[in-house]
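Good morning. I will go through one structure today, starting with a question. Please look at the sequence and the model first.

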Amino acid sequence: MDNQIQHEDVNTLIKRRLEELEELKKKNIETFEYSFDVDSYSRDIKESYQEETPKNVRAAGRIMAIRRMGKASFAHIQDKQGRIQIYLKKDDVGESYDAFKLMDIGDIIGVEGYVFKTKTGEISIHAKSLKLLTKSVRPIPIAKEVIDESGNKVIFDQFADKELRYRQRYVDLIVNPEIKDVFIKRSKIISSMRSFLDAQGYLEVETPILQPMYGGASAKPFVTHHNALNIPLYMRIADELYLKRLVVGGFDGVYEISKDFRNEGMDKTHNPEFTMIELYVAYKDYEWMMSFVEQMVAHICTKVFGSTEFEIEGKKINFNPPWDRVSMIEEIQKATGLDVLNASYDEVKDCLRKHGIEPKPGESKGKLIDELFEVTVQPKLIQPTFLIDYPVEMSPLAKKHRNKPGLVERFEGFVLGREICNAFSELNDPIDQNQRFQDQVKMREAGDEEAHQVDEDFVRALEYGMPPTAGLGMGIDRLVMLLTNQPSIRDVILFPQMKPEK
RNA sequence: GGGCACGUAGCUCAGGGGUAGAGCAUCUGCCUUUUAAGCAGAGGGUCGGUGGUUCGAGCCCACCCGUGCUCACCA
């Protein structure tokens with residue numbers, strides 16, 4: 001038995017359970033059963049209960065509480081819908097009752113029996129038979145739940161250590177069922193987004209994660225190496241340049257829901273790998289895309305939450321279209337009095353200093369404007385708002401504004417002061433694109449590690465001709481954070497990145 | 001990377017130089033409608049790690065590891 005489980009931290013509780021496992025085997029009880037036919041789940045059982053016609057059910061789940069009273073016992077089992085109480089009487093289950101004495105909180109069992117209501121009014125299963133399906137040899141950090149007089153659920157000793165919850169998400173999901181709901185919502189948000197896009201006829205595609213050259217965003221990449229080709233490969237920081245190649249190829253509407261990877265800091269809104277939706281639609285511009293985003297988000301809200309009105313961080317947020325559309329330059333002017341577009345580099349710098357930010361040496365004017373925006377305007381964008389028309393230096397892949405010099409046709413969506421998407425009329429002039437790449441090279445040479453590389457093949461694709469195209473990128477994790485009111489990106493990613501244990 | 005805080009039993013937490021604590025969980029006994037079941041008893045700890053200071057260190061000091069918050073970075 002010593003070599004069965006080689007946990008460095010085998011403690012007396014685990015030893016005890018391993019002994020129980022042996023005792024069960026001696027009784028010829030299968031401790032890791034092969035299957036069990038389930039025909040009912042906890043919530044359905046409770047909702048469909050009728051006193052006059054007691055139903056027979058087969059249910060299975062993990063034991064979450066046991067109350068033994070000599071020759072009868074109560075237990076709660078937890079299944080995919082919630083918890084239900086089971087009642088076990090020695091007279092009814094016979095020898096299984098002795099086996100039940102060797103079962104613990106955490107074990108997974110199947111029961112067959114009829115539904116009844118106890119003296120105290122709890123709808124329960126009166127078991128006629130009981131089967132151990134999986135023996136749990138490691139104790140779960142069990143919390144106790146009780147409903148107080150006013151009907152509120154009170155939880156005692158809740159498993160709360162953030163580190164353990166993230167590292168052992170499987171335990172978190174067992175003992176903190178409300179966490180499960182966030183991830184179910186996340187899944188529904190993505191599937192409703194996908195069905196919305198599919199219904200419009202857009203094609204879901206897959207583009208390389210391993211790329212010989214990265215692009216489509218300003219970020220530091222993860223680098224790996226391909227042995228056979230003996231070349232470095234980068235994990236993608238964005239899908240943009242490949243998806244636009246497909247538009248060149250004649251796919252009029254393509255999207256990809258994918259993991260991107262950025263080799264940067266981690267905090268409440270950044271995980272090194274994160275999920276993005278990118279969408280490119282031919283013959284459309286950014287005006288069209290704004291309406292599209294409004295509709296898509298409203299669709300998701302309605303499908304997943306049944307409403308476009310939310311209360312997030314104590315504020316009422318309404319996602320009903322249309323959203324406000326405001327000019328970046330005008331909003332900065334309103335907030336600071338400075339016309340950043342016509343102001344000199346030094347004027348922008350001084351203005352930034354006035355707002356308590358010390359510009360770092362070598363920053364471009366576009367970068368300074370962006371910082372000024374973040375400090376003076378962004379926190380005020382509470383209701384869903386499109387901020388439109390950005391300085392050209394900040395957007396090397398966006399098309400120049402049709403009638404505002406120095407700007408590009410770009411928008412970002414903001415809610416509660418947070419960015420939820422980024423989109424533009426895509427730059428499809430290969431000569432302009434090549435020039436923008438050259439400008440990025442200068443920025444890189446000036447020390448900007450996140451400036452774009454020159455992607456000559458992408459320019460070549462544009463030379464063949466890309467139709468006018470609107471493009472969108474939206475961070476799924478942050479959208480989920482917003483809609484489920486979760487404070488950290490780690491609360492919406494099942495297995496967030498952590499430093500290795502030990 | 002900087003600052004602040006935290007790390008003690010399976011879980012939630014007390015304890016701040018002198019025998020390692022509580023509740024729940026666990027174990028033994030009693031108990032055939034309980035529900036944080038109850039009653040009686042018991043076991044369980046490298047006090048994150050390594051070095052110091054001290055007669056004596058969960059406790060004080062240094063360094064390290066991990067986590068959280070925050071700032072920086074980051075569309």
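Which residue forms a salt bridge with R167? Keep in mind that this is a predicted model. The partner is E163, and the closest N and O atoms of the pair are 3.0 Å apart. Both residues sit in helix α5, which covers residues 162–167. They are four residues apart, about one turn of the helix. As for cover, R167 is partly exposed, with a relative accessible area of 22%, and E163 is partly exposed as well, at 42%.

Now a pair that links distant parts of the chain: D477 belongs to helix α15 and R186 to helix α7, residues 177–199, with their positions 291 residues apart in the numbering. D477 and R186 form a salt bridge whose closest N and O atoms are 2.9 Å apart. Are these two buried or exposed? Both D477 and R186 are buried.

The third pair is E273 with K259, and here the closest N and O atoms are 2.8 Å apart. E273 lies in strand β13, residues 273–282, and K259 in strand β12, residues 253–261, so this salt bridge ties together parts that are 14 residues apart in sequence. E273 has a relative accessible area of 28%, which makes it partly exposed. K259 is also partly exposed, at 36%.

There is also a network: salt bridges with shared partners join R16, R17, E20, D104, D107 and K135. How many salt bridges does the structure hold? The count is 38.

Next, the nonpolar interior. The largest nonpolar core has 47 residues, and the members that touch the most others are V293, F319 and F411. Helix α9, residues 286–305, supplies the largest share of this core, with 10 residues. Take V293 and leave out residues up to four places away in sequence: what does V293 touch? Its contacts are W323, F386, F411, C421, L472 and M474. A second core, separate from that one, has 38 residues, including L338, L381, M394 and V408.

From the interior we go to the surface. Y170, L494 and F495 form a nonpolar patch there, and together they have about 340 Å² of accessible area. One of them, L494, lies in the segment after α15, a helix that spans 476–484. L494 is partly exposed, with a relative accessible area of 35%.

Now the backbone. Most residues other than glycine have a negative phi, and most peptide bonds are trans. Which residues go against the phi pattern here? One of them is E313, which is not a glycine but has a positive phi of about 50 degrees. E313 is in the loop between β14, 309–312, and β15, and it is partly exposed at 48%. Another is N485, also not a glycine, with a positive phi of about 60 degrees. N485 is in the segment after α15, and its relative accessible area of 34% makes it partly exposed.

For the peptide bond, look at P321 to P322: it is cis, with omega near -5 degrees. P322 lies in the loop between β15, 315–318, and β16, 324–327.

Last, the overall division. Chain A is split into domain 1, residues 12–140, and domain 2, which is written as 179–323 + 383–491. How far apart are the C-alpha centres of the two domains? They lie 49 Å apart.

Technical notes: Residues numbered from 1 in each chain as written. Chains lettered and ligands numbered in written order. Predicted model: local features only at pLDDT ≥ 70, side-chain atom pairs only at ≥ 80, totals over all residues. Heavy atoms only, no water. Patch = residues over 30% accessible without salt bridge, like charges linked within 9 Å, V, L, I, M, F, W, Y side chains within 5 Å. Areas by Shrake-Rupley, 256 points an atom, 1.4 Å probe, with all protein chains shown as cover. Salt bridge = Lys/Arg side-chain N within 4 Å of Asp/Glu carboxyl O. Helix = DSSP H or I, 4+ residues; strand = E, 2+ residues; numbered from the N terminus. Buried < 20%, exposed > 50% of the residue type's maximum accessible area, 1.4 Å probe, protein only. Core = buried A, V, L, I, M, F, W, Y, C linked by side-chain atoms within 4.5 Å. Contact = heavy atoms within 4.5 Å. Domains from an automatic or database assignment.
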